Each structure stands twice: as structure tokens, then as C-alpha cells.
Amino acid sequence: MRVLTVNEMTKTYGEKVLFENLTFAISEKERIGLIGVNGTGKSSLLKIVAGKDLPDSGEMVAPNDYSIAYLAQEPEMDPELSVMDQLFLSEAPVIQLLKKYEQTLRQLEKEPNNQAVTEELFELQKRMDALDAWEANTNAEAILTKLGIHDFSRKIGELSGGQKKRVALAQVLIETPDLLILDEPTNHLDYETIGWLEDYLSKYTGAVLLVTHDRYFLDRVTNRMFELEGGRIYTYKGNYQSYIEQKAEREEQQAASEDKRRNLYRRELAWMRRGAKARTTKQKARIDRFEQLEGTLGQGPKKEQVDLAVKGSRLGKQVFELRDVSKSFDGKVILQDFNLLVKPGDRFGIVGKNGSGKSTFMNLLAGKLPFDQGEMITGQTVKIAYYTQERTDMDEKMRMIAYIRESAEVVTTKDGEQLSAAQMLERFLFPMHAHGTPIYKLSGGEKRRLYLLKLLMSQPNVLLLDEPTNDLDTATLTVLEDYLEDFPGVVITVSHDRYFLDKTATQLLEFQGNGVIDSYYGSYSDYLDQQAAREKLEAAPVKKVVQEKPQEKPKKKKLSYNEQREWAGLEAKMAEVEDRIAKAQQELDQVGSDFEKAQSLSEELEALNEELEHLIERWSYLSEFV
């Protein structure tokens, strides 16, 4: 078993302690999802484990030949290299062998009569056979193709940001290391590519540690979860759904423990106020206990929760109406005689392959680009907030508080409460002492959260969201989804995140390219299921169906000998299973903070309940013939 162990690891960033004394292990075939509020140190932890940064203290222990590959959120790449040359930068032995082979082959083409080069190429071919490097080369090209990269000779500098991320992803996947570390791997990937990556990682034989905002992806890929919260790490067995269940149990236990401590504190406080007539040893011990309790009260892990309580502006009956609009961009047709009526309360999801014109369409709605022909009528009360991928209006030299005050000094919440810019920053998990921090010092996720706050403080009634899930943590996304559910205005979202669209969109516009746009009423998952069923139907061979006359099943009249024996013991079996359920439930109630044991007991309870249900069904069936 190849295991990487982290012992007592601590990391600070300036005055902020990201995490302290973290200890955990990563074993073979574990696919671990790392989650936590932006700014808690997720990316920093990935970089340390990947060997790209150093901790303040602590150590990592792994076998000497243990290999790690790391995909950064924003990979650094040489713009002058070709796609294939970028892949050859990998330090993995098989990739370095491939690189040497390609170089020698090119040299031999220039010097066909060079005996030394010919012999070197022959030796390299033998090593390629031994390491199965031929398959690695084929695998590299296949992975690039699956990720939408087809021209391997194209220079990195000619690629879009999304294409660069895909090349970097391919680079780490072909290394097949012991530990694959991925920071937001689904950013810039469309639905089909995300599905392929899910399947690839689910079959990966090494270990995987990843950070992603895509909760469906987490649920389908991971078998263990890490959560960074309050400088500590919590581990959970199972996928994202299991994590949500176990986290709820943990928070209930912590809340109950805190309530017990507060009640004890009240009793102790009442005793102290009455005063002690004599300072006996027993009373002195009680005073010491009071002082200790007073010092620790409220020191449990602080629950970090973003609060989106901003009230929107009033929206009239008219929002957007597009009449026979057309638009081409860089030689591509985006819209062709397109008509659309957007009404108050509408929730649109914009989907489609990269490059099909989704972001261009959002810029048209926001008035950032003109239409080539046609017209768009905008309601007089429409107040747009446009959440873009680029954050072009963010001057990173500004301090947080000044940036937020550009939108408003004071806002009104949905409850009618007046809150200052500083108070809103605190609700968005930016503590008072950090409000003077320049924006460039924030993490990528914190910048996105700050950007979102500024937009909401303008109190819009139409939200245009272009890939809002990129770089936002799952906790903030959950609160944003809850906010959008009650938002009285219009929401139009471009996203590849199936989970987010399922929760926030009730109708879809699919951009298929060349001006073709399909509409669909319903959730994104329903749409994808419908598309998959249609493709399966089209691919299936046509079969001639022969109708056969159904045969009536003979009616059962009495129990067989074996069924009579089964019936006699069923009630005792049901009672036994019920007793086991009660004992397992009792153990679960007393398990405390051992969350992996709690998960094991929960799985046992689920299996026992299924067994009991089967026994009851069998008892009901047999009782008809007794």
C-alpha cells in the first residue's frame, strides 16, 4: 500500500493562520474532495502537498519513488511551445523517454547515415517497449482529443484560457502518478468533457486529491471528503452526499454540546454570584472549574457562513424583448433572426459548447455589444448586475472597503434592516480588521466573493451571471442558490455546472453554433437525460417486434413445504432484525465525533432497514395463502 502521510502541518499567510497542525493520510485508490470557504487555504494545502510551496511547520512522509502531478487553477505555460512540446515538459520518466525518442527521431531524419544516432534510436525503442511508452504516446493524443484539443502543433500562445487549462489537464493525466492533485479541473470544460473526466477519474488506479465547485462531479468521483474549517481538517467517508449528511450530524452534535456547556455555565454563574461562605478545597475546585468553563465557552469551531440578504429593486412588467436580432462575431454566426421574450420572474440557463457564443449573447443583453440587425426593447425599470468571468472593473490596487463603497455606502436587506458597507463585508466573511486589505492580496475565490458582493449591493432586479460557479466555494454557492430562489427579479445564467443550473434555471437556451438555438422548459438534468435517450434511440438497430399472446400465470393456491417452514420463522427473523436496528441506532447516537464510525453505522442501519423491508414484504405475500 503506497501512502502519503501529512503530520502536524501549519501554514500562515501574513497574520492569518490558514490551518494549524493538520494530520491526515492519502492511500491508494482514494479519491478525495477538498472543500471549504474561499480563503481557508484549500489551494495552499494542495500546493504544499504537491511540493510547490513549503509549510511553516510539519512534514510529509511518502515512499522515495512516490510521484505527484499537480494541476493549478491558472497553470503557467510557455506561449512559444507547441501543445505536444508542453506535454513533454512533464518530469514523468515515460514522458521524458517519449521526448528523447521524438528528438532522436528528428535528428535521424536530418542525418539518416549517422550510425551513432541510429543505434541510440534502437536503444530508445527497446526502452519504449519495456516501459510501454508507445501506449503512453497514444494515450496522450487520445486524452488531448477528448479534451477538445486537435491541433497538437499549435502554439500555447494561440490558445484561449480554457484551451490552455485543458492542455495542462492532459499533461498531468498522462503522467499517471501515485497522487493526482487537481485544483478546479472542471473550469472551462463543457458537459460532455466533464462526463468523460468523471469516468476517467473513477477508474484511476492511483490516489486523487481535488478541489472543485461542481457538486455532481464531487458526488460521482469521490469516495472520501476533507473539509477545511476554522484552521482544522475534518474527514468524512463517502462522496459529497455522504459528507452533507455527516456534516449535519456533526453540527447537531456540536450545537448540543455548546448548549450543555452554556447551561452548565449558567448554573456555575448562579453559584458564584451567591458567593462561597468558606473557601474549602471543594469550593476552590468549583471556582477553578467555573473559570475554565468561562474561558472556553464559545470557542468551538466557528461556523463560517456567507449571508446574502440584499434587497433587489422593483421590476416592472417589461424586461427584455428581442425581435429578429442577428449577430456575427469573428466570422461566426451567434444569432440569426432570433426572437425572445424575457418576463419578470424568468430563470434562464444558457448552455452549449465552448465557443458557441454564450458569453457574446450575455454581452448583447448587458448592452456591452451592439446587434448587427433587429432590436432589443428593455423595460424602463430594469437594473442589471452583470457577473462576468473577467471582473474587468476590479482595480486590484484598491482596498476592499473602498471597492464596495463604489456600489453603495448603505444597503437595505430583505428584512428592512439598514447595513453599512463594512457590515456587508463582515456578512461576506471578510473580518473588520481586513477591510483595508488591497484586493490583490486576496485569494482568487475571495476576489470572486467580493465581486459578487459589490454587484448585489447595487440592488439589481436582473442578474446576468456568466460562469458564476468558477472559483466560488460550495458554501457560498449554496447560499447564492438560496438567495436566487427568493430573488423576485430575472436571472439569466451561463454555466456548465449541472447542479447549479438544476437549482436556479427553469428553462434553457442551448447554443448549438451557427446561430442555431434550441429552447427547453425544465431542468438541465432532465434535458440531458432526454438528449441521451434520443441519441440512444437513434443509435439502436431497428428490430421487428413480434407480438406474442400473454400467458396467464397460474394462480397459487397453497404454500409449498419450504414456504411453510419459511413462514414459521419469519416473525422471529423480523424481531431479530428490529433488535439489531435498535442497537445500531443506539451506538450511532453515542458515537461522538468519530465520523467514519458514524458513516459505517449509518450504512449498517440502511442495510438492516432494507432487510427488514424485504422480510415484511415476504410476510405480506405468504400471509395471503395461510
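This talk goes through a few local features of one predicted model, from an open sheet to two residues with positive phi.

Let me begin with the sheet, which is open and consists of three strands in the order β2-β1-β4, paired in the antiparallel sense. Strands β2, residues 16–26, and β4, residues 57–61, are at the edges with a single partner strand each, so one side of each of them has no neighbour in the sheet. From one strand to the next, the twist averages 20°. If we look at the pairing of β1, residues 4–13, with β4, we find four bridges between these antiparallel strands, and within β4 it is Glu-59 that stands opposite Asn-7. Helix α1, residues 42–49, packs on this sheet and touches β1, β2 and β4, and the direction of α1 makes about 50° with that of β2.

I turn now to helix α3, which covers residues 93–110, and here a simple check of the geometry is possible. At 1.5 Å a residue its 18 residues should span 26 Å, and the C-alpha atoms at its ends are indeed 26 Å apart, so the two values agree. The buried residues of α3 are Val-94, Ile-95, Leu-97, Leu-98, Tyr-101, Thr-104 and Leu-108, and among the elements that cover them are α2 (83–87), α4 (115–131) and α5 (133–146).

How do α3 and α5 pack, and at what angle? Their axes are 10 Å apart and the angle is about 90°, which means that α3 is roughly perpendicular to α5. On the α3 side, Val-94, Leu-97, Leu-98 and Tyr-101 take part, and they meet Ala-133, Trp-134, Ala-136 and Asn-137 of α5. Sorted by class, this contact has seven nonpolar residues, one polar residue and no charged residues.

One residue of α3 deserves a separate word, namely Leu-108. Its relative accessibility is 17%, and because buried means under 20%, Leu-108 counts as buried. Leaving aside residues up to four places away in sequence, Leu-108 touches Asn-114, Val-117, Thr-118 and Leu-121. For the pair Leu-108 and Leu-121, the separation is 13 residues in sequence and 8.3 Å in space, taken from C-alpha to C-alpha.

The next element is strand β12, residues 347–352, where six of the six residues are buried, so the strand is largely enclosed by the rest of the structure. Both faces are covered, with Arg-347, Gly-349 and Val-351 buried on one side and Phe-348, Ile-350 and Gly-352 buried on the other. Strand β12 runs parallel to β18, residues 490–494, and four bridges join the two, with Phe-348 opposite Ile-492. Strand β12 also pairs in the parallel sense with β19, residues 507–513, over five bridges, and there Val-351 has Glu-510 as its bridge partner.

I close with the backbone. Most residues other than glycine have a negative phi. Which residue of strand β11, residues 332–342, should we then look at? In β11 we find Asp-337, whose phi is positive, near 50°, although the residue is not glycine. With a relative accessibility of 41%, Asp-337 counts as partly exposed. The second case is Asn-514, again not a glycine, with a positive phi of about 60°. Asn-514 is placed in the loop between β19 and β20 (516–521), and its relative accessible area is 68%, so Asn-514 is exposed.

Technical notes: Residues numbered from 1 in each chain as written. Predicted model: local features only at pLDDT ≥ 70, side-chain atom pairs only at ≥ 80, totals over all residues. Heavy atoms only, no water. Pairing = 2+ DSSP bridges. Axes fitted to C-alpha atoms, helices over the stretch in contact; angles between N-to-C directions. Contact = heavy atoms within 4.5 Å. Expected span 1.5 Å × (residues − 1). Buried < 20%, exposed > 50% of the residue type's maximum accessible area, 1.4 Å probe, protein only. Parallel < 35°, antiparallel > 145°, perpendicular 65-115°, else oblique. Nonpolar A, V, L, I, M, F, W, Y, C, P; charged D, E, K, R; others polar.
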